[in-house]
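Biologist: I would like to learn how to read a protein model at the level of strands, turns, pockets and charged pairs. Could you walk me through one?

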Amino acid sequence: MEAFFGNWKLVSSVNFEEYMRAIGLAEEVVQIGNIVTPVLSIYQDGEKLVMKLKTSVFSSEKSFVLGEEFDDNFAGQKYRSVINLDDGKLVETQKWDGKTTIQTRKIQDGKMILTMSYKDTVAVRTYEKMAD
């Protein structure tokens, strides 16, 4: 788990616009999401893990315990989420309105690879760790 801790900056994104549209985000959110370069911070706070996403336009934060379902929201979309550590990967399952999306984060060659899947649509975002 410790390999995920730190600050990560987005360096590449493939098919993210299509993914955002597939899950039903509003067009203005898609346009903003496609141009911002987020920094993702992951750290432990007591028994909880925290993920903070910060951009020049918006910020979001989720605090959770691995394996425990929690309420979350992003860009006005509310959903239930659970995050598990599975074979060294952080696997997040989000469910809302009969939809399910899976977001898998793994460390590979010193980078964090985020794969986002909804039905047949898959997006891949790559983050590089920032110096502390």
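Modeller: Happily; we will take the features in turn, keeping in mind that this is a predicted model.

Biologist: Let's begin with strands. How many bridges join strand β7 to strand β8?

Modeller: Strand β7 (residues 89-96) and strand β8 (residues 99-108) are joined by 7 bridges and run antiparallel. To see one rung of that ladder, find K95, whose bridge partner in β8 is T100. Next, β8 is joined to strand β9 (residues 111-118), again by 7 bridges and antiparallel. There you can look at R105, which stands opposite L114 in β9.

Biologist: What should I look for in the turns of these hairpins?

Modeller: Check the backbone angle phi. The hairpin of β7 and β8 has 2 residues between the strands, and D97 there takes a positive phi near 45°. The hairpin of β8 and β9 also has 2 residues between its strands, with a positive phi of about 55° at D109 in the turn. Note that D109 is not a glycine.

Biologist: Is D109 buried or exposed?

Modeller: D109 has 75% relative accessibility, so it counts as exposed. A similar reading works for K119, in the loop between β9 and β10. Its phi is positive, near 50°, and K119 is a residue other than glycine. K119 is exposed because its relative accessible area is 69%, and the cut-off for exposed is over 50%.

Biologist: And a residue inside a strand, such as T126? Which residues does T126 touch?

Modeller: The general idea first: in a regular strand, side chains alternate between the two faces of the sheet. As for this case, T126 sits in strand β10 (residues 121-129). Leaving aside residues up to four places away in sequence, T126 touches K9, L10, V11, S12, K111, M112 and I113. T126 counts as buried because its relative accessibility is 12%, and buried means under 20%.

Biologist: Now the charged pairs. How many salt bridges does a search of the whole structure find?

Modeller: The search finds 9 salt bridges. One of them brings the side chains of E92 and K62 together at 2.7 Å, N to O. This pair links distant parts of the chain, with E92 in strand β7 and K62 in strand β4 (residues 59-64), 30 residues apart. Both E92 and K62 are buried.

Biologist: Does E92 stop there, or what else does E92 meet?

Modeller: E92 also meets R105 in a salt bridge, at 3.4 Å from N to O. That pair too links distant parts of the chain, 13 residues apart, from R105 in strand β8 to E92 in strand β7. R105 counts as buried because its relative accessibility is 6%. For E92, the relative accessible area is 0%, so E92 is buried. Salt bridges that share partners join K62, D72, E92 and R105 into one network.

Biologist: What about the pair of R80 and D71?

Modeller: R80 forms a salt bridge with D71, and their closest N and O atoms are 2.7 Å apart. R80 is partly exposed, with a relative accessible area of 31%, while D71 counts as exposed at 59% relative accessibility.

Biologist: Finally, how do I read a pocket?

Modeller: Rolling a probe the size of a water molecule over the atoms shows where empty space is left. Here the largest pocket holds about 580 Å³ of space. Its lining has 34 residues, and L53, S60, F74, Q103 and M116 lie nearest the centre. Helix α2 (residues 27-35) gives the largest share of that lining, 4 residues. By type, the lining divides into 20 nonpolar, 7 polar and 7 charged residues.

Key. Residues are numbered from 1 along each chain as its sequence is written. This is a predicted model: local features need pLDDT of at least 70, side-chain atom pairs count only at pLDDT 80 or more; totals for chains, interfaces and linings use all residues. Side-chain values use heavy atoms; hydrogens and water are left out. Buried means under 20% relative accessible area, exposed over 50%, partly exposed in between (1.4 Å probe, protein chains only). Contact means heavy atoms within 4.5 Å. Two strands pair if DSSP finds at least two bridges between them. On a 1 Å grid over the protein atoms alone, a cavity is a set of points where a 1.4 Å probe fits but cannot get out, and a pocket is an open set with protein on both sides within 12 Å along at least five of seven lines; lining residues have an atom within 4 Å of a point. Grid points are joined across faces, edges and corners, and a volume is the space filled by probe spheres set on the points. Ala, Val, Leu, Ile, Met, Phe, Trp, Tyr, Cys and Pro count as nonpolar, Asp, Glu, Lys and Arg as charged, and the others, Gly among them, as polar. A salt bridge is a side-chain nitrogen of Lys or Arg within 4 Å of a carboxyl oxygen of Asp or Glu.
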